[in-house]
Amino acid sequence: MYVVVIGAGKVGFNLTRELVGQGHEVTLIESNRHRYLGVEQLLEHRVLYGDGSELWVLERAGIERADLVIAVTGDDEDNILICQVARDKYGVGRIIARANNPNNRQHFDLLGIKPVVSATDAILRLLEHEVPQRSLVRLLDLEAEEIEIVEMRVGENSPVAGRTIAEIEIPDHTLLISIIRSGHGFVPNADSKLQVDDDVLAVLDPEREEELRRVFGA
């Protein structure tokens with residue numbers, strides 16, 4: 001697979017190194033000359049100096065034949081522009097963008113730039129996961145596939161506490177895939193009974209999330 005990575009910060013550099021280690025062909029683009037000189041030798045001349053938001057730089061990197069373009073610069077506007085150009089002008093089938101400011105995610109979504117990776121969002125989700133009084137935590141969003149995986153805690157007053165899976169009116173397009181009890185997980189069956197403090201993992205259509213919250217009293 002041929003991959004063009006734009007932005008040779010820590011994310012772009014380490015990503016390129018890992019992809020090369022996996023046997024992929026990669027070109028990394030960096031606009032800061034000092035940074036370019038710093039990583040060019042380390043990556044054995046796989047780095048191109050230039051502004052990745054300029055067409056001639058992208059073309060010089062061979063974007064026409066790229067299987068994947070990853071924009072991880074420190075500027076969200078550049079990341080949006082690069083992914084738009086890669087997808088709409090050069091027909092690149094797969095793009096990935098970094099959102100440095102989570103408040104900008106709406107702009108990525110509005111322009112159909114998917115998937116978007118946000119370190120801030122990832123850390124916030126980790127914090128949610130570690131907070132004991134959480135009600136529902138989104139563990140994974142697969143926006144293109146319109147599916148998500150969530151985790152819910154069965155509270156003392158939850159209407160599902162003490163009931164079996166078969167007794168619960170689970171929303172359509174929702175599947176309870178695991179119960180984590182006292183640190184150990186298992187796949188439930190119809191006879192599995194939920195207990196207080198169980199963590200339940202579910203895969204579902206995002207539109208069913210509120211319905212599932214009501215069922216669990218979350």
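**Entry 1: pairing**

Two strands pair if DSSP finds at least two bridges between them. With that settled, I opened the model, which is a predicted one, and went to strand β1, residues 2-6. I found that β1 and β2 pair in the parallel sense, over five bridges. One spot I checked on this pairing was Ile6, which stands opposite Ile29 in β2.

Next I followed the chain from β1 to β2. On the way there the chain passes through helix α1, residues 10-21, and I noted this β-α-β crossover as right-handed.

**Entry 2: the other side of β2**

What does β2 join through three bridges? I got strand β3, residues 47-49, and the two run parallel. I wrote down two pairs from here. Leu28 stands opposite Val47 in β3, and the bridge partner of Glu30 in β3 is Tyr49.

I traced this connection too. The chain leaves β2, goes through helix α2 (residues 33-40) and reaches β3, in a β-α-β crossover that is right-handed.

I also wanted to know how covered β2 is. The strand spans residues 25-30, and five of its six residues are buried, so I put it down as mostly covered.

**Entry 3: the whole sheet**

I stepped back to see where these strands sit. In which order do the six strands of the open sheet come? I read it off as β3-β2-β1-β4-β5-β6, with parallel pairing. Why is one side of β3 and of β6 left without a neighbour in the sheet? Both stand at the edges and each has a single partner strand, so there is nothing in the sheet on the other side.

A reminder to myself: strands of a sheet pair through backbone hydrogen bonds, either parallel or antiparallel.

**Entry 4: the largest pocket**

I looked up the largest pocket and got a volume of about 670 Å³. It is lined by 25 residues, and the closest to its centre are Arg105, Pro115, Val116, Val117 and Asp141.

Which elements each supply at least two residues of the lining? My list has three strands, β5 (94-98), β6 (116-117) and β7 (136-142), plus the helices α5 (105-110) and α6 (119-130). I noticed that β5 and β6 are also in the open sheet from my last entry.

I sorted the lining by class as well: 15 residues are nonpolar, nine are charged and one is polar.

**Entry 5: three single residues**

Tyr2 took me back to strand β1. Is Tyr2 buried or exposed? Its relative accessibility is 3%, and under 20% means buried, so Tyr2 counts as buried. I then looked across to Leu68, 66 residues away along the chain, and found the two C-alpha atoms separated by 6.7 Å.

Ser178 lies in strand β9, residues 174-181. At 14% relative accessibility, Ser178 is on the buried side of that cut-off as well. A polar atom of the Ser178 side chain lies 3.4 Å from the backbone oxygen of Phe186.

Ala166 was my last stop, in the loop between β8 (147-153) and β9. I got 57% relative accessibility for Ala166, and over 50% means exposed, so that is how I logged it. Ser192 is 26 residues from Ala166 in sequence, yet C-alpha to C-alpha they are 8.1 Å apart in space.

Key. Residues are numbered from 1 along each chain as its sequence is written. This is a predicted model: local features need pLDDT of at least 70, side-chain atom pairs count only at pLDDT 80 or more; totals for chains, interfaces and linings use all residues. Side-chain values use heavy atoms; hydrogens and water are left out. On a 1 Å grid over the protein atoms alone, a cavity is a set of points where a 1.4 Å probe fits but cannot get out, and a pocket is an open set with protein on both sides within 12 Å along at least five of seven lines; lining residues have an atom within 4 Å of a point. Grid points are joined across faces, edges and corners, and a volume is the space filled by probe spheres set on the points. Helices (H or I, at least four residues) and strands (E, at least two) are DSSP runs, numbered from the N terminus. Ala, Val, Leu, Ile, Met, Phe, Trp, Tyr, Cys and Pro count as nonpolar, Asp, Glu, Lys and Arg as charged, and the others, Gly among them, as polar. Buried means under 20% relative accessible area, exposed over 50%, partly exposed in between (1.4 Å probe, protein chains only). A crossover is right-handed if, with the strands pointing away from the viewer, the path from the first strand over the helix to the second runs clockwise. A polar contact is a pair of N or O atoms within 3.5 Å; within protein, one must be able to donate a hydrogen and the other to accept it, and residues adjacent in sequence count only if both atoms are side-chain atoms.
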